[in-house]
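Subject: Structure handover

Hello,

Please find the structure below, for your files. My notes on what was found follow it.

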Amino acid sequence: MPDDVQGWLTPRAVAAEAGVSQEFDLSQCVREPIHLLGGVQSYGALIAARWDDAVVDTVSRNAAEVLGREAGELLGRPVTELIGDEQWALARESAEAVTDSGATAPQEGPASSGVLPLTLDGEDDEGGGGARLFDVTVHRNGELLVLEFEPRAEGGPFVFQNFYPRVRRALQKLQGATDVTECCAAAVREIRTLTGYDRVVAYRFDGRDGPGQVIAEDRSEGREPWLDLWFPASDIPPQARRLYARNWIRVIGDVDDRTAGLVPELRADTGQPLDLSASVLRTVSGYHLEYLRNIGVASSMSVSLLHEGELWGLIACHGDEPRLLSPEVRAACEFFGIALSLQLAAVAGREEADELARTRRALAAVLARLTSGAPDDLMRPGSGLVELLDADGAVLLRGTETLTAGAPLPDALSGLLARLAQDGSVGEVWSSDRLPEVLGLEPEEAEAEGIPAGLLLLPFNRDGDLLAWWRREQPAPREWAADPSRPVRTGPGGERLTPRGSAAVYRATVRGRSAPWSAAQRVAAGELWREVSGLLTRQVVALEARNTELARTNEDLDSFAHAAAHDLKEPLRGISNAAAFIVEDAGTVLDTTSLRRLTTVRRLAERMDGLLDSLLHFSRLGQVGLEREALSVDEVLDDALVVAGGRLAEQGVTLVRPAALPRLRADRERLREVLENLLVNAAKYAADEGAGERRVWVEAVRVAAPGRAPEEDEGGGADGGTVTALVVRDNGIGIPAAQQADVLQLFRRLHRRDERGGGSGVGLAVVKRIVERHGGRLWLESPAAAPDADCGGGPGTAVWFTLEEPPEARP
């Protein structure tokens, strides 16, 4: 079965097809090219002549019976030999009045045709000469003009003045209807009065390819009611729906009519029968004829109801006996169908306008609550966001932040939103009231996974930011005129699609759907998107301005720190030198107290000089560019040990390297400085004498990204990504958790200056700044058990930091 057919048939219909007692392939009905059946209903005759030279290209085989000329005599001859030049000109003029004269192929959308009376010369019943009257429907089909001849019915010519009052009365009743159901009820009554059919129903489709429901009915006494019953979608397959959208009216005069074939059967230019999409005499599919016979219908007429170019529904008429309608009556019914379609659109427009006005008032109230001008206000209780679209819940995704309102967000939905948003266009509303069907899930599967039935979302950008509303499933009970799980059954005329009617109503519940999203709600959502997008844009602009100002401020601070430190060093050096000269020159005449004070001045000046050196170095880190390269951390660690190794040895600290270190992308000198500082700190804050062997470990660990603690990395992070972190861990005195943030600040120490080897308190601040310049992150852990539990020592400190990896080093 072709994919397009398989996709249109429901799984239940396919299963039902496989389970019937006799062989019947429902997909054959779906695939049947009903516009290329190669025949016409035999009560009329068809001639297709070339537009330019009037030569007959195709003719129906019953031409002799209807027109008095054999098909073979007409084929290849000018049609003017039959109808005359004047009437041919009238036919062309009629076609030009309703069709684009430049058309070269059958047109999309509603077909256009004209009707005119034609007279053919012939013999009367006594063998004498006589004129025969025909009503001829003409339409343009590419380079052909198609003429469909129907013998004029007895009873004299049609008098429009006698017919018009009934049509006008029917239209007036339509205009007085206030809703769709009332419109359709008035329509079926009036069309039954106009045509005399035994049953007339208004049938509305549930979506383009869905089933249909009878929403209005007028029937003769004794016929079972169909009102409110649903009919399977397979009753009217897609190709039939396309033709209904092209032709306002379709009449079947007699279900037992013998089809009149066409000559030739296949056209030379296409290799197919003549396209009869716009034909009023087009023959009928055998499947549909058996369908009609199975429900006891001898004749029928369908009037299409269109909305915005789409097939909205049908007026379906059924007769107990064969019935031919004159072109004038058909034209009146077609006119009535057009008027009804316009009236239905007007009613729907009024209802939509009223709903839109109410929704916009609610939207204005929601926007008025955005007191802070931040979209986050929408998600606060009482904002009215959920109630705006009559939803169960709403969610705002912005960056890594997820904000919800109303009912809790279903877990399964959170993973779908970003994917669905990527499939849509930024700023365009995407909605579905049958999300399980969109995802290819059965309602029971969706319910088990927690997927809601309705979703409306608005992507703000391509980064995954969006605003969405969702609705729970609303099971809808329906009464079917045929078992929806078994649309094929054996009827009196054979095994075909056979509605049962009210005598055997099937009650079934439609699942996997929510209440539909209305046009007004979609409009309101779009307007809200524009407002929120404006807020987000203004926030981005403000944030960029603040970032620019902050960058300028930081640059100024760096420049100030560098200039201040550099300029202060010279007078400070003068102070130190002056103090030294005084002590040297006047040391013999100064008292002990004065000498001690001068010595203090000199020591403080030297300390200040060291602090200024540290400040200069720290400020340069923000100004000097990084020379990144892919390098071996083991090699950089060896370089760092040239300076730090002596300090480790002095303190009796052993360096442990459990495994080879990886390659990372970094500035070699800056990374060396990081490792030097961390190793020197480990030496300074080693465990006290007698506490056990002093050790420091340097190793690499894969951790979850971004910025998750190492112990959270079992099996990878929640986002599925990991990065390499370097860790320098010791078993020294440790850092209390409350002070870990302080030690990363400039000039902060946990001990007095003369304890633990002294220092300015700049080392960890320098390390943090270098790591952040590399786009990495630094964090501390303490207490942390040493890897070797038997080595003793203190609680220890672990300093973790991440750097960018070269692509070839990533797993």
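To begin with the sheet: five strands make up an open sheet with mixed pairing, in the order E24-E26-E27-E29-E28. At its edges are strand E24 (653-656) and E28, each of which pairs on one side only. On average, and with direction ignored, neighbouring strands of this sheet are turned by 25° against each other. Please keep in mind throughout that this is a predicted model.

E24 and E26 run parallel and are joined by four bridges. Thr654 has Arg695 in E26 as its bridge partner. Helix H19 packs on the sheet, where it touches E24, E26, E27 and E29. The direction of H19 makes about 170° with that of E29.

The nonpolar cores

The largest nonpolar core has 38 residues. Leu671, Leu675, Leu678, Leu679, Leu778 and Phe801 are the residues with the most contacts inside this core. Several elements give two or more residues to the core: helix H18 (633-650), helix H19 (668-684) and helix H20 (763-773), together with strand E25 (663-667), strand E26 (694-704), strand E27 (722-730), strand E28 (778-781) and strand E29 (798-802). H19 supplies the largest share, eight residues. H19 thus appears twice in these notes, as the helix that packs on the sheet and as the element with the largest share of the core.

Which residues does Leu671 contact, leaving aside its neighbours within four places in sequence? They are Leu631, Val636, Ala666, Phe801 and Leu803. Phe801 is also among the residues with the most contacts inside the core.

Apart from this core lies another, of 30 residues. Val188, Ile315, Leu325 and Val347 are among its members.

Aromatic pairs

The structure holds five aromatic pairs. One of them is formed by Phe134 and Phe149, with 5.9 Å centre to centre and 85° between the planes, an edge-to-face arrangement. Phe134 belongs to strand E5 (residues 129-141) and Phe149 to strand E6, so this pair ties together parts that are 15 residues apart in sequence. Phe134 counts as buried because its relative accessibility is 2%, under the 20% cut-off. Phe149 has a relative accessible area of 0% and is buried too.

Trp779 and Trp800 form a stacked pair, because their ring planes are at 0° and their centres are 5.9 Å apart. This pair links distant parts of the chain: Trp779 is in strand E28 and Trp800 in strand E29, 21 residues apart. Both Trp779 and Trp800 are buried. E28 and E29 are neighbours in the order of the five-stranded sheet.

There is also an aromatic cluster, made up of Tyr203, Phe205, Trp226 and Phe231.

Charges over rings

Arg140 has its charged end over the ring of Trp51, 4.1 Å from the ring's centre. Arg471 lies over the face of Trp517, and here the distance to the ring centre is 3.7 Å.

A buried glutamate

Is Glu150 buried or exposed? Glu150 counts as buried, because its relative accessibility is 4% and the cut-off is under 20%. Glu150 is placed in strand E6 (residues 144-151). Not counting residues up to four places away in sequence, Glu150 touches Tyr43, Leu133, Phe134, Asp135, Thr137, Val280, Leu281, Leu325, Pro327 and Arg330. Two of these names have come up already: Phe134 is part of the edge-to-face pair, and Leu325 is in the core of 30 residues.

Strand E11 and its partners

Strand E1 (residues 39-40) pairs with strand E11 (residues 260-263) in the antiparallel sense, over two bridges. In this pairing, Val40 stands opposite Ala260 in E11. Strand E3 (residues 56-60) also pairs with E11 in the antiparallel sense, again over two bridges. Ser60 has Leu262 in E11 as its bridge partner.

The chain as a whole

The chain has 20 helices and 29 strands. Of its 811 residues, 47% are buried. Among contacts between residues at least 6 apart in sequence, 69% join residues at least 24 apart.

Regards

Key: Residues numbered from 1 in each chain as written. Predicted model: local features only at pLDDT ≥ 70, side-chain atom pairs only at ≥ 80, totals over all residues. Heavy atoms only, no water. Core = buried A, V, L, I, M, F, W, Y, C linked by side-chain atoms within 4.5 Å. Buried < 20%, exposed > 50% of the residue type's maximum accessible area, 1.4 Å probe, protein only. Contact = heavy atoms within 4.5 Å. Phe/Tyr/Trp six-rings, centres within 6.5 Å; stacked < 30°, edge-to-face > 60°. Lys NZ or Arg CZ within 6 Å of the ring centre and 35° of its normal. Pairing = 2+ DSSP bridges. Axes fitted to C-alpha atoms, helices over the stretch in contact; angles between N-to-C directions.
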